[in-house]
Amino acid sequence: MMKELHPELRENVRLLGELLGQSIRYHLGDEIFNKIEKIRIAAKADRNAEISQRKQLKEVLSGLNDEELAPVARAFNQFLNLTNIAEQYHIVRRRAPASELVDNRLDTIEVVFDRLIGQGVSKDKFFAQLADLNLEFVLTAHPTEITRRTLIQKYDQISECLESLDRSDLLDEEYAKIVERLRRLITEAWHTDEIRYERPTAVDEAKWGFAVIENSLWQAVPDFMRQMDAALQERFGEGLPINVNPVRFASWMGGDRDGNPNVTSEVTREVFLLSRWMAADLYLRDIEALRSELSMTACNGELARASGQSREPYRKILAKLRSRLEATRVWAAEALDSTKKPSADVLLNNAELIEPLMVCYRSLRDCGMEVIANGPLLDVIRRAQCFGLQLVRLDIRQDSERHSDVMKEICAYLDIGDYSQWTEEEKQAFLIRELEGRRPLLPKEWPASAEAKEVLDTCKVVAMQPPEGLASYVISMASDPSDVLAVILLLRESGMRHRIPIAPLFETLSDLQGAADSIGRLLDLPWYREYIGGKQEVMIGYSDSAKDAGQMAAAWAQYQAQEALVKVAAKHDVKLTLFHGRGGTVGRGGGPANRAILSQPPGSVAGNFRITEQGEMIRFKFGQPKVAKQSFNLYLGAVLEASLVPPPQPEPAWREMMDKLSGLAVNSYREVVRERPGFVEYFRSATPEQELGKLALGSRPARRKASGGVESLRAIPWIFAWTQMRLMLPAWLGSDTALQTAVDDGGADTLKAMLTGWPFFETHVDMLEMVLSKVDPEIARFYEERLVKPELHPLGDELRRRAGCAVRLINELKGQDELLLDNPVFMHSLQVRNPYTDPLHYLQVELLVRDRAEGETNKETVEKALKVTMAGVAAGMRNTG
């Protein structure tokens with residue numbers, strides 16, 4: 001049963017679609033417009049049509065000539081993007097009714113606060129947890145943002161127009177003016193090429209991250225803090241303490257070099273400096289505005305002394321700060337092309353930025369001007385506490401093998417043995433001996449290889465940064481204590497004089513299963529325990545574990561790893577921060593954020609939550625101030641709730657069932673993906689995996705190695721490819737067999753009890769249901785019929801049958817006749833998009849046939865249209881990888 005669109009959302013979708021249609025008709029003429037309309041109407045009917053009608057739709061699409069392919073693809077792509085804009089705006093509308101927030105599963109912090117108070121959480125406990133709360137979003141450059149930045153900016157302006165139309169007091173001429181602005185923006189978007197032809201550099205990606213902060217987060221953070229302050233004031237008679245800053249940001253853009261040769265030490269240095277420049281520039285705008293406002297003369301003694309008894313003390317203090325920010329901005333710009341050292345005027349520590357603002361704040365309050373103190377000045381203080389002088393703290397990520405190779409070279413040069421052949425105990429003894437010693441290990445001049453020099457140059461760049469500019473050093477494939485100790489030693493040898501959190505990353509199934517043992521052995525080392533000062537960060541990888549073992553086995557391994565890590569940390573009296581490397585899709589650990597957080601193991605959140613946000617998810621969650629503010633509501637509310645009222649421990653019988661399900665699921669998944677003859681050939685034929693490389697998504701290569709099978713493919717293109725042909729295989733394969741076997745063995749009642757009593761299992765099943773709702777067997781079969789050789793068709797038949805079985809099992813477990821009955825907004829969103837996504841699928845198949853054909857004469861036109869269909873399907877599915 002399809003839920004009706006809310007009237008205002010329906011009107012916005014209609015208006016945007018009508019304006020797009022007018023633009024297409026005006027610029028392309030009636031003939032192509034009528035074809036597009038015919039296809040749209042046929043696609044809308046196709047969902048309930050007879051086979052003959054579906055055949056007719058496919059024939060119309062396959063009959064398009066090469067010159068018509070791109071305009072038709074672009075039309076449906078643009079309509080889906082406009083629908084996304086309307087939906088996203090509707091969720092954050094000023095007058096969105098409470099029932100819609102419930103349907104969208106959007107808890108505000110006010111709702112969470114009331115729920116916690118109702119559960120008996122005291123004021124003291126509430127404020128103590130807030131003071132200790134640390135929610136950090138790590139923006140990554142993983143290549144899943146398919147939309148060009150220039151179009152994103154136009155889409156944001158379209159959203160602003162929809163907000164203007166939402167006013168109830170508009171005059172007719174005002175309404176007409178806004179509609180004309182919409183018409184112009186949509187026409188501009190239509191005449192803008194939606195395809196990138198050059199991959200962004202790592203520095204381009206970092207600049208894109210800075211733009212998100214400038215255009216959205218800079219406003220959203222203080223707005224959210226004000227909302228939280230008001231909610232606390234209303235409930236407890238006390239607002240948010242000024243020194244409490246629960247939301248922070250870090251970035252991998254320019255710091256993540258794991259498998260990306262384009263991220264060099266020089267790139268990282270440039271990104272550090274650009275980040276400083278951008279921060280100084282943003283603060284200068286704020287300080288200039290404050291100087292205009294803070295014209296008061298009354299001040300306390302502290303400010304009088306600091307300003308030299310100036311007649312306008314606030315302006316005097318702010319003028320000094322402005323001068324130092326200008327010096328900082330100039331230095332950052334000049335240092336990009338030189339090794340210029342910062343002068344005494346350059347701001348290097350956050351306290352130098354915050355303290356002058358706090359002097360003004362305290363003075364205003366002392367002089368009875370609280371209303372002024374709590375105005376824009378407070379917003380700037382909140383920004384300074386969140387973003388600091390570095391704007392966004394940088395993570396460094398590197399593979400452990402690169403560090404080991406450097407250690408091997410050093411030891412060989414010093415003639416002290418073959419590091420790679422030493423036992424783990426020998427490595428640890430050597431590394432700790434060097435760390436405890438005072439003499440340098442590295443000679444000033446030694447013939448390092450290019451690879452070793454690059455690692456050491458990166459360490460030198462990191463060592464030069466103020467502590468506040470650094471977040472964590474993440475080590476991929478770190479399974480032994482020596483992997484961590486080696487990084488600390490290399491950083492120290494490069495001049496590092498302060499501690500940076502070192503976060504081992506566990507991402508394959510075997511890694512996750514051994515994570516607690518690995519961290520336990522690390523924490524057993526007295527030198528290391530003293531070094532970390534009672535704090536340890538561990539990163540859990542979701543993408544590669546799911547690709548390695550299937551979604552169900554990976555999810556259970558992640559859950560158990562977190563439980564075990566919590567116990568190990570408690571044993572050593574260490575505060576644990578778990579860093580969740582989640583992607584945007586279910587197959588990479590994605591899904592509704594608040595529900596995912598609330599389903600974590602008891603005690604694993606405990607006031608600290610670090611999570612990656614990447615690609616198109618950054619735009620969907622943080623691209624506009626109101627959207628970002630809503631995301632903060634979801635995340636912070638869930639982290640607070642999971643910390644104060646953690647979920648109960650699962651029943652022993654439930655654990656036993658998950659052990660059984662996990663074992664069955666991983667075997668079933670790997671039997672197909674790793675062992676089934678013809679699977680790789682089927683995958684590469686039926687999906688646009690090989691053509692994905694033509695999309696200039698990001699600076700990182702799609703494969704870890706130039707050659708190799710599925711195992712060498714990154715998780716993002718692996719999922720992207722299956723999403724494009726609507727089989728969504730990585731997110732459900734294996735779960736179907738596991739659940740069916742459990743039901744056949746009499747476990748249905750246990751599964752239903754788990755579904756109602758265990759947030760982890762409930763969330764997992766709901767995520768499975770969401771991804772299965774996107775599976776379309778008919779579309780998947782069409783890809784197969786046109787692109788895969790007949791002898792491999794039985795494999796496709798089996799996969800589609802198994803997907804159908806998974807749907808039936810979910811419906812039986814949840815006691816429903818069709819998917820998504822308890823998530824009507826998601827169901828409706830999907831149903832609205834399907835008629836516009838379907839033609840893109842059919843077009844994509846036709847284009848793949850032509851692109852792969854020998855002797856195709858119009859290759860460039862076909863390839864461009866193919867890229868547009870990939871972008872359009874990604875927009876329709878609301879994700880890429």
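The points below comment on a predicted model, taking its nonpolar cores, two of its helices and a surface patch in turn.

1. The largest nonpolar core has 156 residues, and those touching the most other members are Phe-126, Met-228, Phe-249, Leu-357, Met-407, Tyr-528 and Phe-632. Helix α10, which spans residues 202–236, supplies the largest share of this core, with 17 residues. There is also a second, separate core of 123 residues, and Leu-182, Ile-719, Met-728 and Leu-840 are included in it.

2. For Phe-126, leaving aside residues up to four places away in sequence, the residues touched are Phe-113, Leu-116, Val-121, Leu-232, Phe-236, Leu-640 and Leu-644.

3. Helix α11 (residues 265–293) is made of 29 residues, and its first and last C-alpha atoms lie 43 Å apart, close to the 42 Å expected at 1.5 Å a residue. This helix is mostly covered, since 21 of the 29 residues of α11 are buried.

4. Helix α28 (residues 652–675) has 24 residues and reaches 33 Å from its first C-alpha to its last, which is close to the expected 34 Å. Among the buried residues of α28 are Trp-654, Met-657, Met-658, Leu-661 and Tyr-669, and the buried set also includes Ser-662 and Ser-668.

5. On the surface, Tyr-413, Leu-414 and Ile-416 form a nonpolar patch whose accessible area together is about 250 Å². Tyr-413 belongs to helix α16, which covers residues 400–413. Tyr-413 counts as partly exposed because its relative accessibility is 41%, and that class lies between the cut-offs of under 20% for buried and over 50% for exposed.

Definitions and conventions:
Residues numbered from 1 in each chain as written. Predicted model: local features only at pLDDT ≥ 70, side-chain atom pairs only at ≥ 80, totals over all residues. Heavy atoms only, no water. Patch = residues over 30% accessible without salt bridge, like charges linked within 9 Å, V, L, I, M, F, W, Y side chains within 5 Å. Areas by Shrake-Rupley, 256 points an atom, 1.4 Å probe, with all protein chains shown as cover. Salt bridge = Lys/Arg side-chain N within 4 Å of Asp/Glu carboxyl O. Helix = DSSP H or I, 4+ residues; strand = E, 2+ residues; numbered from the N terminus. Buried < 20%, exposed > 50% of the residue type's maximum accessible area, 1.4 Å probe, protein only. Core = buried A, V, L, I, M, F, W, Y, C linked by side-chain atoms within 4.5 Å. Contact = heavy atoms within 4.5 Å. Expected span 1.5 Å × (residues − 1).
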